[in-house]
Amino acid sequence: MEDIKILFFYYLGEALLLVFVGLALFGRRLSWPRLLAVSGAYGFSIWVVRGVYKIYGIPFGSHTLILTLLLFLWIKFIGKMDWDIAVGASLTGMTLILLGSWFTDFIVNKLNIKWRLILDNLWLHILFGYTENIFLILMLALNKFFNFTFVKAFNIGAD
Amino acid sequence: MINKRQILFLNLIQLQVFLSCYLAISYLNHSMAHIFEIPAIIVVIIVVLVGLLCLLTVKELLRLAKKEKDAEIALARLEENRILIDALKAKQHDFANHLQVLYGLFYSGEKSALKSYMKDISKDLNTLDKVASLKSVEVAALICKKMALTENVVIEPVIKTDLGNLSVPPDKMISILGNLMDNAIYEAKKQKDENKVRIEISENDGYYVFEIWNHGHIPPELFDKVFEPGFTTKGKDGSGMGLNIVKNIVKQYGGRLEFVSGEDTGTTFRVYLPQKEEMLSKTN
């Protein structure tokens with residue numbers, strides 16, 4: 001399993017951002033206790049899934065699909081959201097993370113750093129991990145300052 | 001309350017975006033090889049599912065587009081209903097005045113004047129009744145509006161059918177009749193003595209026939225140009241597009257547009273529009 005500090009300093013923070021932004025883009029907000037509960041469950045899931053992958057030597061890649069499914073389940077059952085909002089929020093959040101991972105890869109290649117070096121150093125891992133959240137932060141800013149949501153952008157009206 | 005169908009539609013698009021990003025990032029991170037270690041049947045199932053989702057997305061898009069079009073038609077219909085109600089209200093006020101005149105004539109014993117006045121009103125009532133009985137509310141509203149609001153021109157509707165099987169959508173119908181009536185009214189206003197426009201609606205051999213007549217005439221040398229886009233006899237007042245638009249709409253719905261014009265006979269524009277059964281048999 002990975003160092004537990006990664007869970008507290010990286011995964012929980014990312015999970016909080018992911019859940020908040022995913023739901024905010026659908027015009028939904030969770031109460032702080034529920035938000036922390038969902039983020040906590042998801043952050044812990046990341047740590048467990050990655051740990052299992054490491055232990056059994058499974059190549060990373062498909063863990064993203066498993067984590068997307070888990071995120072949907074936590075938002076649906078702990079966050080008590082409708083299933084369509086839960087699906088939308090989890091897909092949105094994970095898509096932004098995927099785009100962010102491309103950005104991180106771009107930065108690492110530009111700086112000519114080896115991935116092995118980053119992954120072996122706890123604090124470098126955490127630092128570069130947060131660069132994955134660049135698009136989440138961007139969407140958070142759009143939502144906060146310009147009230148941007150998919151509901152407004154796509155004119156999703158009443159039944 | 002958010003529309004659930006639209007959220008589902010959005011989710012379908014997001015799923016496709018997510019899967020595309022996932023495959024793209026996996027390719028860039030050179031982890032595609034590991035993806036292909038997944039049994040082929042799983043990959044085939046995922047591809048088929050995504051394909052089906054794409055089809056579902058397109059179907060939903062088309063359904064939403066149709067819904068938007070239906071809503072536009074319903075809005076146009078509502079507006080025409082409102083105009084019809086306003087025109088009928090104005091007529092009601094008119095008739096209150098007529099009743100006062102009738103009372104005055106009766107009270108003063110002017111029997112022949114009373115008879116003549118009643119004859120005129122009943123003719124008017126009969127015409128209005130026939131217009132209001134048209135099953136195409138939009139056409140009825142347009143005619144009532146023109147009758148109520150056109151100054152210095154007498155509009156005579158002659159209604160011989162109820163337009164129950166009209167195949168042309170309301171907004172297109174308004175375009176056809178509106179343009180033809182406006183042209184006829186414009187010409188009629190120029191005539192000092194013969195300032196009439198007659199609109200006759202009848203049926204003939206599976207078609208509805210709309211005839212719009214006025215006493216003006218089109219010179220023979222302009223006959224070929226009348227339907228050309230940009231051609232107008234109204235100077236700055238005209239865009240030159242009205243008859244061209246009418247011709248295109250009539251053609252689109254399998255109809256026919258013709259006109260006759262002479263110095264003594266005036267100008268008649270005749271539109272033939274197929275009734276609904278006729279459209280069905282043509283499709284078959």
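Visitor: Where do the domain bounds used for chain B come from?
Guide: This is a predicted model, and its domain bounds come from an automatic or database domain assignment. On that basis chain B splits into domain 1 (4-66) and domain 2 (67-283). So the bounds come from an automatic or database domain assignment.

Visitor: Which residues of domain 1 of chain B lose the most area to domain 2 of chain B?
Guide: Start with the contact itself: 4 residues of domain 1 of chain B touch 4 residues of domain 2 of chain B. About 350 Å² is buried between these domains, with carbon and sulfur atoms giving 30% of that area. Together, 82% of what the domain 1 side buries comes from L64(B), A65(B) and K66(B).

Visitor: How many salt bridges does the rule find across that domain interface?
Guide: Look at K66(B) and D70(B), whose side chains meet in a salt bridge at 3.1 Å, N to O. The rule also finds 7 residue pairs in polar contact across the interface of the two domains. For salt bridges across this interface, the count is 1.

Visitor: And between the chains, which helix gives the largest share of the chain A side that touches chain B?
Guide: Here 32 residues of chain A are in contact with 20 residues of chain B, and about 2,200 Å² is buried, 68% of it from carbon and sulfur atoms. The rule finds 0 salt bridges across this interface, but 5 residue pairs in polar contact. Elements giving two or more residues to the chain A side are helix 3 (63-77), helix 4 (83-110) and helix 8 (150-153) of chain A. The largest share, 14 residues, is from helix 4 of chain A.

Visitor: Is K146(B), the salt-bridge partner of D182(B), buried or exposed?
Guide: D182(B) and K146(B) pair with their closest N and O atoms 2.6 Å apart. D182(B) sits in helix 6 of chain B and K146(B) in helix 5 of chain B, so the pair ties together parts 36 residues apart in sequence. D182(B) is partly exposed at 34% relative accessible area. The cut-off for buried is under 20%, so K146(B), at 13%, is buried.

Visitor: Which residues are linked with E258(B) in a network of salt bridges?
Guide: E258(B) forms a salt bridge with R256(B), the closest N and O atoms being 3.7 Å apart. Both ends are partly exposed: E258(B) has a relative accessible area of 27%, and R256(B) comes in at 40%. The network links E258(B) with E211(B), R256(B) and R270(B).

Conventions: Residues are numbered from 1 along each chain as its sequence is written. Chains are lettered from A and ligands numbered from 1 in the order in which they are written. This is a predicted model: local features need pLDDT of at least 70, side-chain atom pairs count only at pLDDT 80 or more; totals for chains, interfaces and linings use all residues. Side-chain values use heavy atoms; hydrogens and water are left out. Contact means heavy atoms within 4.5 Å. Buried area is the accessible area (1.4 Å probe) that two parts lose on being put together, summed over both. A salt bridge is a side-chain nitrogen of Lys or Arg within 4 Å of a carboxyl oxygen of Asp or Glu. A polar contact is a pair of N or O atoms within 3.5 Å; within protein, one must be able to donate a hydrogen and the other to accept it, and residues adjacent in sequence count only if both atoms are side-chain atoms. Helices (H or I, at least four residues) and strands (E, at least two) are DSSP runs, numbered from the N terminus. Buried means under 20% relative accessible area, exposed over 50%, partly exposed in between (1.4 Å probe, protein chains only).
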